[in-house]
Amino acid sequence: MIIVKSQREIEKIASACRIVAEILENLKSFIGADITTADIEAYVADQIKERKAIPAFKGYRGYPASSCTSVNDQVVHGIPSRTTRLKSGDIISIDLGVYKEGFYGDGAMTVPIGVVGTEVHKLISVTEEALYLGIKGAVPGNRVSDISAAIQQHVETNGFSVVRAFVGHGIGRSLHEDPQVPNYGEAGRGPRLKEGMTLAIEPMVNAGTGEVVILDDGWTAVTADGRLSAHFEHTIAVTKKGPVILTKI
Ligand code: MF3
Ligand code: CO
């Protein structure tokens with residue numbers, strides 16, 4: 001069942017999302033070569049606390065941290081670690097969610113560390129562009145798969161692959177609500193989008209094949225072929241004026 005939100009509820013989701021956006025923005029200057037993913041986790045945990053919010057991921061199905069820090073071939077759900085130290089040439093996807101006054105916000109970004117090649121920049125920008133093209137499709141009267149198809153089309157046109165093992169989702173009083181928002185599929189399918197729906201749209205894009213493998217920690221998803229992967233996520237609201245990105249400052 002898809003839960004349609006009131007204006008008041010959307011404002012609450014927006015405040016949780018603003019926190020996510022601020023922390024992601026601050027992370028851009030915090031991260032760099034020589035810091036560990038555990039340092040990132042400590043920074044995120046601190047920033048969430050400072051804003052009197054609660055980390056959404058910590059304890060979710062036993063996930064052990066407030067952030068997901070996925071480096072290079074890690075697709076999503078990389079667990080922060082004191083032994084994972086960033087170096088120039090790496091890329092890192094940081095995903096974080098917060099809970100504030102009864103509502104969730106969820107967002108992610110991928111950033112390069114130091115110097116990376118043109119093809120790596122392309123993977124990152126195509127993933128972010130695909131997210132924005134998907135968001136553009138989130139208008140009342142469209143269907144969920146209009147978002148999905150726009151994402152898949154942009155990714156594949158550029159020679160990359162969409163990860164199918166994970167999907168975007170509705171969000172509100174729960175971190176994961178209906179509908180599922182796949183990053184692939186034929187346009188014109190699935191539930192119709194209505195004003196007041198709130199969605200977390202999150203393409204995960206691999207440089208090689210879209211196949212993933214889960215590591216023995218039970219969480220970390222890596223590309224099956226060992227090539228790079230990027231991930232961007234925004235929480236948005238479907239409104240009669242069009243999609244509104246809530247995880248943006
Ligand atoms: N953005 C991801 C999601 O919404 C992150 C979840 S991590 C978890 O599914 F630890 F909470 F599972
Ligand atoms: Co999400």
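Asp-34 is found in the loop between H1 and H2, which makes it a handy place to start a tour of this predicted model. From there, the briefing moves to the two helices, then to the cobalt ion (ligand 2) and its protein donors, and finally to a buried alanine and a cis peptide bond.

**Loop residues with positive phi**

- Asp-34 is not a glycine, yet its phi is positive, at about 85°.
- With a relative accessibility of 55%, Asp-34 counts as exposed, because the cut-off for that class is over 50%.
- Arg-61 is another residue other than glycine with a positive phi, here near 50°.
- You will find Arg-61 in the loop between strand E1 (54–55) and strand E2 (67–71), and its relative accessible area of 71% makes Arg-61 exposed.

**Packing of H1 and H2**

- Helix H1 spans residues 7–30 and helix H2 spans residues 37–50; their axes lie 11 Å apart and make an angle of about 145°.
- The crossing of H1 and H2 is right-handed.
- On the H1 side, the contact involves Ile-23, Asn-26, Leu-27 and Phe-30, while H2 contributes Asp-39, Ile-40, Tyr-43, Val-44, Gln-47 and Ile-48.
- Sorted by class, that contact of H1 with H2 holds seven nonpolar residues, two polar ones and one charged one.

**The cobalt site**

- Four residues supply the protein donors of the cobalt ion (ligand 2): Asp-106 through OD, His-169 through NE2, and Glu-202 and Glu-233 through OE, at 2.1 to 2.3 Å from the ion.
- Along the chain, the donors follow the spacing D-x62-H-x32-E-x30-E.
- Asp-106 in strand E5 (residues 103–112) and His-169 in strand E7 (residues 168–170) are 63 residues apart, so this pair links distant parts of the chain.
- Both Asp-106 and His-169 are buried.
- Why is the arrangement around the cobalt ion (ligand 2) irregular? The six donor atoms subtend angles of 67 to 169°, which makes it so.

**Ala-221 and its surroundings**

- Ala-221 sits in strand E12 (residues 221–223) and is buried, because its relative accessible area is 0% and the cut-off is under 20%.
- Beyond its neighbours within four places in sequence, Ala-221 is in contact with Asp-73, Gln-74, Val-75, Val-76, Phe-166, Val-213 and Ile-214.
- Between the C-alpha atoms of Ala-221 and Lys-28, which are 193 residues apart along the chain, the separation is 23 Å.

**A cis peptide bond**

- The peptide bond running from Asp-178 to Pro-179 is cis, and its omega is near 0°.
- Pro-179 has its place in strand E8 (residues 177–181).

Terms used:
Residues numbered from 1 in each chain as written. Chains lettered and ligands numbered in written order. Predicted model: local features only at pLDDT ≥ 70, side-chain atom pairs only at ≥ 80, totals over all residues. Heavy atoms only, no water. Axes fitted to C-alpha atoms, helices over the stretch in contact; angles between N-to-C directions. Helix = DSSP H or I, 4+ residues; strand = E, 2+ residues; numbered from the N terminus. Left-handed = near helix turned anticlockwise from the far one by under 90°. Contact = heavy atoms within 4.5 Å. Nonpolar A, V, L, I, M, F, W, Y, C, P; charged D, E, K, R; others polar. Donors = N, O, S within 2.8 Å, 3.2 Å for Na, K, Ca; no water. Tetrahedral: all angles 85-135°; square planar, octahedral: opposite > 155°, others 65-115°. Buried < 20%, exposed > 50% of the residue type's maximum accessible area, 1.4 Å probe, protein only.
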